[in-house]
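Q: Pick one part of this model and walk me through it up close: what it packs against, at what angles, and through which residues. After that, I'd like to see how the rest fits around that picture.

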Amino acid sequence: MKESQLITNLKQLKQIKPREEWAVLTKQNLFRGEEVSRKNWMGDKVSMVLDVFPRFLFDYHHYKYVLATFVFGLLIASSTLIYAKNALPGDVFYTLKRAKEKAITLLTPDSQMPKMQLEFTNERLKELTVIAESKQNKKLSSAIKEFQASAKVAALNIKNIKSMSRLENKDIVQEAKKIESAREKIQALGVEIGDTEELNSALSELVDREIKDLEGKTLTEGQKELLNQIKVNFEEKEYSQALENILLLTQDEQ
Amino acid sequence: MKDIQREFSKIYDQFAEKIYRFIFIKVNSQQIAEDIASEAFLRCWNVYKQDPKQIENIQPFIYKVARNLVFDHYRQKSRTQTISTEDCSLLDPVDIESAVSQKGDIEKVKAVLAKLENSEYQDMIIWHYIEDLPVPEIAKITDKPEGTVRVMIHRALKEIKKELDRGEA
């Protein structure tokens, strides 16, 4: 083989390439350890601040401009958030409102998620109520969809509850009761909000679990009567009432 | 931290294919090449994230890490000479006859290169002819004078040619 041919053949070996899968996976694995878990939100926040501020504020020559820009940006952001707070489905700032809620869920510990999602569901119902009361019929359909989607997510989170502390139960009861009264109000306004079977089913499973747990405990006569009442609430699908009675019963235990 | 990740991500994108190829030609196994290349990048990242300024020139650094890992691999296992056709996607020339003969030549060259006793010769050939690194860059990687690098490239090429001619004879 001539030297020129040899060199040509050597250059052909440039076609040896790694598998794309391997390349992508290796890159992901490199940085996996560096990702801060969303539960470590405090550390994440602190390091975000420390990463940005020293570089900018301690640069003597530019700090005044950076500070002014920062304050101005903060003012714009605050006013935007104020407008966003009252935004309704279909409004310009509604996306921002939902983005803010999403950011909050990233920072919420798992134990607080059921309560958080129920709060969001309540917020969707509030939006629906405002739309129904002000007869903004064009926004009704998207508002109902938003509520149904939120109710599904809340249901999933409630289904994932393995065991509840008294405080968590109290939070869920409060939010569940708000949802019930908000639903009644909207239905009274003539708005059909559709099926919330998943949320009802999730609450039903929760109550059922709590009942079984209570049946395994030693109860006083008064508590046994309350447990019977809870079972009646359960049969009649009055889940938020059942949860409230569970709260009362467990309060008596202490 | 995210800036450093982003910078190293660019470095990874730039060198992943080259480092893999460098290692693959030497070990002739896709799986081993993937393992060693992954380890090489992991080690580089561990150094880089401490302080990027520690690494003056990233290219020589990554190649040195890769080379040392291949040495470690050889120390642990005996070298087995296998001729592999995997991961060698060749461009298709127009006629089948020349395609077959061309593919045959390239495979022979690959096999001889993998068999070279002198691993430094292997490295020189890979860097200079396959990765198109100029002599000064190779000198930085190997910590050798440029003159020595040129001589080694020339000798390596002669060695491969000699092996090929012996095979054909």
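A: Let's start with α1(B) and its partner α5(B), the helix of residues 119-130 in chain B: their axes come within 11 Å and cross at roughly 140°. Keep in mind that this is a predicted model. The 140° angle is neither under 35 nor over 145, and it falls outside the 65 to 115 window, so α1(B) counts as oblique to α5(B). The crossing is right-handed. On the α1(B) side, the residues making the contact are Arg21(B), Phe22(B), Ile25(B) and Lys26(B). Facing them from α5(B) are Ser119(B), Gln122(B), Asp123(B), Ile126(B), Trp127(B) and Ile130(B). Sorted by class, the contact has 5 nonpolar, 2 polar and 3 charged residues.

Now look at α3(B), which covers residues 58-76. Its axis is 10 Å from that of α1(B), and the packing angle is about 30°. That is under the 35 degree cut-off, so the two helices are roughly parallel to each other. Here, too, α1(B) makes a right-handed crossing. From α1(B), the contact uses Ile11(B), Phe15(B), Lys18(B), Ile19(B), Phe22(B), Ile23(B), Lys26(B) and Val27(B). From α3(B) come Ile58(B), Gln59(B), Ile62(B), Tyr63(B), Ala66(B), Arg67(B), Val70(B), His73(B) and Tyr74(B). The class split for this contact is 12 nonpolar, 2 polar and 3 charged. Notice that Phe22(B) and Lys26(B) appear in the contact with α5(B) and again in the one with α3(B). It's worth scanning the numbering in those lists with the helical repeat in mind: an α-helix has 3.6 residues a turn, so residues three or four places apart point the same way.

Gln59(B) deserves a closer look. Its relative accessibility is 12%, which is under 20%, so Gln59(B) counts as buried. Leaving out residues up to four places away in sequence, Gln59(B) touches Phe15(B), Leu133(B) and Glu137(B). Phe15(B) is one of the α1(B) residues in the contact with α3(B).

Then there's α2(B), residues 30-50, whose axis comes within 9 Å of that of α1(B), itself residues 2-27, with a crossing of roughly 145°. This crossing is right-handed as well. The contact residues divide into 19 nonpolar, 2 polar and 3 charged.

Zooming out to the chain that holds these helices, chain B has 7 helices and 0 strands. Of its 169 residues, 46% count as buried. Take the contacts between residues at least 6 apart in sequence: 67% of those in chain B join residues at least 24 apart.

Chain A makes a useful companion, with 11 helices and 0 strands. Of its 254 residues, 36% count as buried. For contacts between residues at least 6 apart in sequence, 68% in chain A join residues at least 24 apart.

One helix there to check is α7(A), residues 137-159. Its 23 residues, at 1.5 Å a residue, should span 33 Å, and the end C-alpha atoms are 33 Å apart, which agrees. Its buried residues include Leu140(A), Ile144(A), Phe147(A), Ala151(A) and Ile158(A), along with Lys139(A) and Asn157(A). The buried residues of α7(A) pack against α6 (113-133) and α9 (197-215) of chain A.

Ala151(A) gives a local view of that packing. Its relative accessibility is 4%, so Ala151(A) counts as buried. Outside its neighbours up to four places away, Ala151(A) touches Thr121(A) and Leu199(A). Its C-alpha atom is separated by 8.6 Å from that of Phe120(A), 31 residues apart along the chain.

Finally, Lys97(A) sits in α5(A), residues 94-107. At a relative accessible area of 7%, Lys97(A) is buried. With neighbours within four places set aside, its contacts are Ala84(A), Lys85(A), Ala87(A), Glu123(A), Arg124(A) and Glu127(A).

Note on methods:
Residues are numbered from 1 along each chain as its sequence is written. Chains are lettered from A and ligands numbered from 1 in the order in which they are written. This is a predicted model: local features need pLDDT of at least 70, side-chain atom pairs count only at pLDDT 80 or more; totals for chains, interfaces and linings use all residues. Side-chain values use heavy atoms; hydrogens and water are left out. Axes are lines fitted to C-alpha atoms, for helices over the stretch in contact, and angles run from 0 to 180 degrees between N-to-C directions. Helices (H or I, at least four residues) and strands (E, at least two) are DSSP runs, numbered from the N terminus. A crossing is left-handed if the near helix is turned anticlockwise from the far one by less than a right angle, and right-handed if clockwise. Ala, Val, Leu, Ile, Met, Phe, Trp, Tyr, Cys and Pro count as nonpolar, Asp, Glu, Lys and Arg as charged, and the others, Gly among them, as polar. Contact means heavy atoms within 4.5 Å. The expected span of a helix is 1.5 Å times one less than its number of residues. Buried means under 20% relative accessible area, exposed over 50%, partly exposed in between (1.4 Å probe, protein chains only).
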